[in-house]
Amino acid sequence: MAACMKLGSKSDAFQRFCTTGLPSDVIVEVGEMSFHLHKFPLLSRSGVMERLIADASEPEQEEGCLIQLPQIPGGSKTFELVAKFCYGVKLELTSANVVHLRCAAEHLEMTEDYGEANLISQTEIFLNQVVLRNWKDSLKALQTCDDVISQAEELQIPKRCIDSLAAKACTDPNLFGWPVMEHGGPMQSPGGSVLWNGISTGARPKHSSSDWWYEDASSLSLPLYKRLISAMESRGVKREIVAGSLNCYAKKYLPGINRRQGASKASNNRVVAPLSEEDQKILLEEIDQLLPLQKGLCGTKFLFGLLRTAKILKANPTCVSNLEKRIGVQLDQATLEDLLMTNSSDSMETLYDVDCVQRILEHFLTMDGGGGGGGGGESPESVEDGGSQLMGSPSLTPITMVAKLIDGFLAEVASDVILKLPKFQSLAAAVPEYARPLDDGLYRAIDIYLKSHPWLAESDREQLCRLMDCQKLSLEACTHAAQNERLPLRVIVQVLFFEQLQLRTSIAGCFLVSDNLDGGSRQLRSGLVGPTNEGGWATAVRENQVLKVGMDSMRIRVSELEKECSNMRNEIEKLGKGKGSSTTWGNVSKKLGFRLKSQMCSAQEGSVSKQNNNGGNVKIEKVVRERHRGKEKRNLTSDE
């Protein structure tokens, strides 16, 4: 229950003086309201009324004088309370009317010179001893300052309320058992127990968290809220608490931020009157100025919500740029859903805002040490190609996450038929090569783009495929790419070549494991291990058998790939038209970018090289012949 202070002792007969036809000697007009009153009760309490009545009264005038008060703070409702006080009629001072009454009393000069316990002293006592000692009453009084802000500022009422609120918000309420819960929370006794109908139940309320004041503070107008936040920061409140309050305030008045939240979350906030677009834009720009700059204090999803709203409301470029920089600092915490921002520009070159995502990525790379991923200045050349080493480096984890995120975004926007090739290439190339342990995600995005843009020329397809490194494709991706008719022939040959190298390396490792297992099993069979390990011996034998089966399948696959390479060499020699086979094959190898690594396959070179001259593979011959037939058809069409 809100605190109040009762003044006056007479019954409420004030309406009889105002509305009945009883004789009155002064008429006070406040706005559209006229008050038929008497001179003595007014001039005995107010210096202004004394002077106005003296100026308006004439000795020969029989009718009552007329006084106009157009600028009294609080209007007619407040003057009615002032008149009741002058007549000694009962009235209650509350946190909802004390500010207006204090300002009106100051305006009418209701000081102690015109009677003891006058209205100025009574309102000051109530403010200082009751209102400012209570969170809810201080908040309510501050809210009413908006209507009389100029007069209240002269009396420093907003400053006193803000200082009171800031002091209470910076103190743990659990230490004092304050009844700070305004919206349905329980009242508490001085000892902290819950009160029911004024009786202590002995039950303890739940402890309040540091965000207990967020919802209350969000009910303030923006100028007063800014002053409250500034006062709290000057008192040393933690920046993450300030950021949480700004989050709550923005979500309450900017509906665009909550568009992706469930109805259950949105229903927790009180329904407020919607602001105009201009007021929303001003609010958003002010919040951008108030947000702390430290990384992680504001949620990434919240920042993306602000950015989307800023673009829709056409906020100033500085505000948009600041939000992009804040997001770029913590881009590794974003999700794919966050990046999918609809393009709100007038040009509509793309369905999603690809340019904005690229700017955010550039901010991340700049803050991450110029694209170094925080890796202590390592150049990309110093990072090994091994995916396990990349994934195992803690310093590269954020940039690896961002690379995966960007590849996912590229795959989503690749199906946009109006997305130009240079824009797609620019975003894909902005991610450093060493940030991708595998290029499977990039290959998927390129494949989707080629599928959605079948009219691309062969040269554009080859240029697009240069973005990925065939050596960094997994075996599954290599298998898919080898059968992908949308890829240029040159890329398919590269994929097959590096797939063969990967299989050779895998087989070499399997041979080493097999030799170790064979030696271990022989030791087990020779009785070097005791009878207590019979279960371990059976497991080792089973694992050995499984590995041998896998090795056999790998040998068959390597044999097939050797046949494919042999057939490709024969086809290329036929296309060479009389040039030396060794020279032609060497030139083609260089053009295709083959970088043979002899150490990767030297362990088993002799065991698989015998299959080089064993016939051709139907699949590769089909690919090559279909490509040549297509070229011949295009040539015949052009000749005709």
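**Notes on helix packing, salt bridges and surface features**

1. Let's start with a helix pair: H22 and H24, the latter covering residues 475–482, pack with their axes 10 Å apart and at an angle of about 25°. Angles under 35 degrees count as roughly parallel, and H22 and H24 are therefore roughly parallel to each other. Their crossing is left-handed. Please keep in mind that this is a predicted model.

2. Just after H22 there is a tryptophan to look at. Trp-455 sits in the loop between helix H22 (440–452) and helix H23 (458–465). Is Trp-455 buried or exposed? Its relative accessible area is 55%, and the cut-off for exposed is over 50%, so Trp-455 counts as exposed. Together with Val-417 and Ile-418, Trp-455 makes a nonpolar surface patch of about 320 Å².

3. Now to the salt bridges, with a word of background: side chains of opposite charge can pair when their charged atoms come close. How many salt bridges are there in the model? The count comes to 19. The next points take up some of them.

4. One of the pairs is Glu-153 with Arg-227, whose side chains meet at 2.5 Å, N to O. This salt bridge links distant parts of the chain, as Glu-153 belongs to helix H8 and Arg-227 to helix H11 (residues 222–234), 74 residues apart. Glu-153 is partly exposed, with a relative accessible area of 31%, and Arg-227 is also partly exposed, at 31%.

5. Within helix H9 you will find Lys-159 and Asp-163, placed 4 residues apart, about one turn of the helix. Their side chains meet in a salt bridge at 3.1 Å, N to O. Lys-159 is partly exposed at 44% relative accessibility, and Asp-163 is partly exposed at 27%.

6. Do have a look at Glu-324 and Lys-311 too. They form a salt bridge in which the closest N and O atoms are 4.0 Å apart. Glu-324 lies in helix H16 and Lys-311 in helix H15, so this pair ties together parts that are 13 residues apart in sequence. Are these two residues buried or exposed? Buried means under 20% relative accessible area. Glu-324 has a relative accessible area of 3%, so it is buried. Lys-311, at 15%, counts as buried as well.

7. Salt bridges can also be followed through a group of residues here: Arg-102, Glu-106, Glu-124 and Arg-160 are linked in a network of them.

8. Finally, two backbone details. Most residues other than glycine have a negative phi. Gln-156, which is not a glycine, has a positive phi of about 60°. Where is Gln-156 found? Its place is in the loop between helix H8 (149–154) and helix H9 (157–169). With 46% relative accessibility, Gln-156 counts as partly exposed.

9. Lys-314 is the other residue to check, with a positive phi near 60° although it is a residue other than glycine. Lys-314 lies in the loop between helix H15 (300–312) and helix H16 (317–329), and those are the helices that hold Lys-311 and Glu-324, respectively. The relative accessible area of Lys-314 is 49%, so this residue is partly exposed.

Terms used: Residues are numbered from 1 along each chain as its sequence is written. This is a predicted model: local features need pLDDT of at least 70, side-chain atom pairs count only at pLDDT 80 or more; totals for chains, interfaces and linings use all residues. Side-chain values use heavy atoms; hydrogens and water are left out. Patches are made of residues with over 30% relative accessible area and no salt bridge: like charges are joined within 9 Å, nonpolar side chains (Val, Leu, Ile, Met, Phe, Trp, Tyr) within 5 Å. Accessible areas come from the Shrake-Rupley method with a 1.4 Å probe; for residues, only the protein chains shown count as cover. Helices (H or I, at least four residues) and strands (E, at least two) are DSSP runs, numbered from the N terminus. Buried means under 20% relative accessible area, exposed over 50%, partly exposed in between (1.4 Å probe, protein chains only). Axes are lines fitted to C-alpha atoms, for helices over the stretch in contact, and angles run from 0 to 180 degrees between N-to-C directions. Angles under 35 degrees count as roughly parallel, over 145 as roughly antiparallel, 65 to 115 as roughly perpendicular and the rest as oblique. A crossing is left-handed if the near helix is turned anticlockwise from the far one by less than a right angle, and right-handed if clockwise.
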